[in-house]
Amino acid sequence: MNKMEQNMKEEKIKYDITVTNAFKKYGQNNVFNGLNMAVKSGSIYGLLGPSGCGKSTLLQCILGALPLDSGCIDLQAKSVDDVGYMPQDLCLEVTLTIKETFEYYGSLYRISKINIKNKLDELNKFLQLTDLNSYIKEISGGQSRRVSLGISLLHDPKIMILDEPTVGVDPLLREGIWAEFTKMAKEQKKTIIITTHYIEEANKSDCVGLMRNGLIIEEGPPQDILVKYGTDTLESAFLTICCNQRTITKKVDNIVQVKEKIQQKKITESENVNLYRIKALLKKNYRVCSRDYLLLFTVILLPILQTFNFCMAIGVPFKGMQIAYKNDEINILDCQYSNVNGCIFDEISNQTMSCVIINYLSSHDYDLVEVQDREVAEASMNHKKYTAFIYFPKNFTSGLTKYINDRQYFDLESRIFVHLTNENILFKNQISIDVLQSINYLIMETLNSCSNNPVSIGVPLEFNNLFGKEVKSFSNGIVTLFIAMVAFYFPSVFVVSVMMSEKMDGLLSRSMFAGVKILELIISMLCITTVLLLLQTSSSCFISYFLFLNPIQITNGIFVYVLLLLLLGWIGFLFGLLTAVISTTKLGGVYIITGSSMTQFILSGAIWPLEGQPQLLRQVSKLLPIRLVGNIMNDIAIKGWTLDHPSVITGTSLTVLYTILLILVLIVLGKIKKDLWVIQK
């Protein structure tokens with residue numbers, strides 16, 4: 001009869017958490033070896049065990065964050081609102097104040113501001129938090145843990161799972177916190193699981209369980225355990241148990257894992273996307289980003305500085321290059337005011353045409369340096385002092401007259417001699433072109449002054465620019481590639497920095513335990529990224545087109561120009577998300593983004609035209625996002641291509657396809673690996 005009454009009594013006991021025959025491995029290490037555990041409703045359960053025995057892993061399995069290999073977990077919670085979880089690590093955003101932190105998590109649980117304030121006042125009575133306007137980074141470790149504990153109690157959950165809530169807390173405060181736990185369990189029928197390093201404080205628990213070698217090797221009320229092992233303290237009792245290593249090892253060796261169906265009850269989740277949580281995430285992320293001055297510099301000021309640097313330093317004509325010259329025809333002082341006046345074919349003409357070339361080159365920002373000795377100047381070309389040497393013979397003007405009148409009698413010794421260095425092909429090309437243009441200018445001016453037709457001595461060839469007539473320098477044709485790189489790179493760096501911080505610091509994991517969906521976080525990040533993208537690209541375009549006057553044609557193609565920038569920014573955003581998935585560190589993620597962006601920029605044709613690449617590499621380069629978008633933008637800006645141009649339609653379609661493919665890749669990875677975004681703490 002007594003046995004029947006005992007069985008009936010046990011049947012009436014309600015358990016909020018039960019773990020049955022749980023097995024789990026990390027690699028070759030067994031974390032659980034058929035673990036069993038039962039937590040009564042309205043009780044405090046103290047989970048004890050040495051560091052690394054799997055206590056935190058067990059809590060995350062109970063919450064459904066980690067799967068079991070086999071076994072059953074039954075958590076009597078209908079939604080995330082029924083459970084309060086405090087992780088072992090702080091997992092707090094250090095740039096928020098205490099008050100803002102509570103507001104953020106309160107918003108996730110849809111608690112009104114008034115109720116958040118009232119609950120905060122209630123919690124503060126036993127947690128004794130410091131000034132609520134203090135930043136998390138400014139308070140001590142013990143104070144931070146009390147804030148973390150307060151967050152897990154904020155929404156008044158039915159079940160509380162607390163991983164070492166009193167570590168680093170003052171002993172007197174610890175007593176007060178335990179008194180509050182006892183009150184919650186007895187009066188409010190809360191169920192509390194607590195892991196702790198302080199074994200003696202577990203005396204206040206209704207039930208304690210000692211975890212070792214993947215098992216709960218002893219479980220029961222503290223007083224029963226003391227009586228069973230004949231000790232005065234829990235610590236002595238558990239030392240006695242742990243010293244009996246042979247018995248524990250025998251227990252583990254006798255356990256055989258049964259491959260049964262995993263029954264792991266997951267907490268019911270709310271609707272897929274919740275606007276209140278998105279709003280809370282937006283507010284929190286805005287506060288965090290606005291206080292990270294290094295991040296603000298990187299994503300706002302750095303693009304502006306780099307645009308100035310690009311427009312001033314890349315693809316512009318070279319200026320101030322030193323060219324040595326020796327003029328045997330006239331003294332340099334007599335050249336300063338020399339112009340083509342009158343016809344040089346007149347017998348009374350005493351003009352020296354070398355002055356026209358010298359003045360022409362000076363007007364093109366060359367630093368002309370007169371030397372006295374031709375041989376010394378030629379020898380100095382081996383040094384880096386001069387980029388070229390020009391020699392004007394004494395009979396240059398008379399030789400030029402013969403060249404124009406009758407080339408049959410032209411004296412080759414009257415030619416200009418130009419010596420160039422091959423150390424920089426771009427220097428050589430510019431000097432060669434400018435010297436040739438100076439001679440052409442001289443001949444045209446000479447023939448005009450003599451009332452002759454300049455075309456009569458020119459090459460029978462005429463060049464006409466059908467498109468891009470305003471293009472004056474190499475930078476005019478590649479500025480869109482730079483703007484495209486800005487649109488791709490900075491959103492990528494921004495999102496990988498934020499997501500890796502959330503991931504590595506456990507912030508994302510804690511938010512997800514509070515009900516946040518990864519899609520909600522992505523939507524909030526996309527909104528912030530789009531605003532930053534508009535600031536970055538608009539400032540880059542303003543600097544490039546309005547301050548440095550790079551040519552652009554205003555047609556309806558401008559709408560496609562803006563759309564392509566937005567799409568490329570979103571591609572960068574998605575690529576940053578993908579990088580955050582595969583990367584294990586924040587620095588590693590930034591390296592991947594920087595390396596891929598630099599590779600794209602190098603192959604885009606911004607440094608050297610694609611036509612110089614091998615055929616196979618050229619085909620690959622054309623499909624890279626920065627090249628693809630930058631090239632279409634360039635055709636819109638310089639050639640005036642409009643919405644209905646076939647190449648614009650094709651390029652825009654490919655850009656949209658890139659966006660869709662990246663989204664699909666992220667969805668597939670999310671389906672394959674459930675804990676894709678979370679590094680378990």
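# Close-up views of a predicted model

**View 1. Helix H23 is largely enclosed by the rest of the structure, because 13 of its 15 residues are buried.** The model shown here and in the views that follow is a predicted one. Helix H23 takes in residues 625–639, and the distance from its first C-alpha to its last is 21 Å, close to the 21 Å expected at 1.5 Å a residue. Just after H23 comes Gly640, whose phi is positive at about 75°.

**View 2. The second largest pocket has a volume of about 1,100 Å³.** Its lining is made up of 37 residues, and those that lie nearest the centre of the pocket are Ile314, Gly315, Val316, Ser473 and Phe474. At least two lining residues come from each of helix H11 (293–313), helix H16 (425–449), helix H17 (474–504) and helix H21 (586–603). Sorted by class, the residues of this lining are 23 nonpolar, 10 polar and four charged.

**View 3. Spans annotated as "transmembrane region" can be followed in the model by their residue numbers, which come from an unreviewed UniProt entry.** The annotation covers residues 293–318, 478–500, 521–546, 558–582, 589–608 and 648–669. In the span of residues 293–318, the end C-alpha atoms are 36 Å apart, with 81% helix and 0% strand. For residues 521–546 the corresponding separation is 37 Å, and this span is 100% helix and 0% strand.

**View 4. Ile278, a residue of helix H10 (residues 275–291), is the centre of this view.** Ile278 counts as buried because its relative accessibility is 8%, and buried means under 20%. Leaving out residues up to four places away in sequence, Ile278 touches Val273, Glu520, Ile523 and Ser524. Although Ile278 and Leu521 are 243 residues apart along the chain, their C-alpha atoms are separated by 6.9 Å.

**View 5. The stretch that an unreviewed UniProt entry annotates as "domain: ABC transporter" covers residues 17–238.** Over these residues the chain is 35% helix and 27% strand, while the C-alpha atoms at the two ends of the stretch lie 24 Å apart.

**View 6. Leu226 has its place in helix H7, which is formed by residues 222–229.** With a relative accessibility of 10%, Leu226 counts as buried. Once neighbours within four places in sequence are set aside, the contacts of Leu226 are with Thr231, Asp232, Thr233 and Leu234. Between the C-alpha atoms of Leu226 and Asp367, which are 141 residues apart along the chain, the separation is 95 Å.

**View 7. Gln128 and Asn213 are each found in a loop, the former between two helices and the latter between two strands.** Most residues other than glycine have a negative phi. Gln128, however, has a positive phi near 50° and is not a glycine; this residue is in the loop between helix H4 (113–127) and helix H5 (141–153). A positive phi, of about 55°, is likewise found at Asn213, again a residue that is not a glycine, and here the loop runs between strand E8 (207–212) and strand E9 (215–220). Gln128 counts as partly exposed at 48% relative accessibility, and Asn213 also counts as partly exposed, at 32%.

Notes:
Residues are numbered from 1 along each chain as its sequence is written. This is a predicted model: local features need pLDDT of at least 70, side-chain atom pairs count only at pLDDT 80 or more; totals for chains, interfaces and linings use all residues. Side-chain values use heavy atoms; hydrogens and water are left out. Helices (H or I, at least four residues) and strands (E, at least two) are DSSP runs, numbered from the N terminus. Buried means under 20% relative accessible area, exposed over 50%, partly exposed in between (1.4 Å probe, protein chains only). Contact means heavy atoms within 4.5 Å. UniProt positions are given in the numbering used here, feature names are shortened, and annotations may be inferred rather than shown by experiment. The expected span of a helix is 1.5 Å times one less than its number of residues. On a 1 Å grid over the protein atoms alone, a cavity is a set of points where a 1.4 Å probe fits but cannot get out, and a pocket is an open set with protein on both sides within 12 Å along at least five of seven lines; lining residues have an atom within 4 Å of a point. Grid points are joined across faces, edges and corners, and a volume is the space filled by probe spheres set on the points. Ala, Val, Leu, Ile, Met, Phe, Trp, Tyr, Cys and Pro count as nonpolar, Asp, Glu, Lys and Arg as charged, and the others, Gly among them, as polar.
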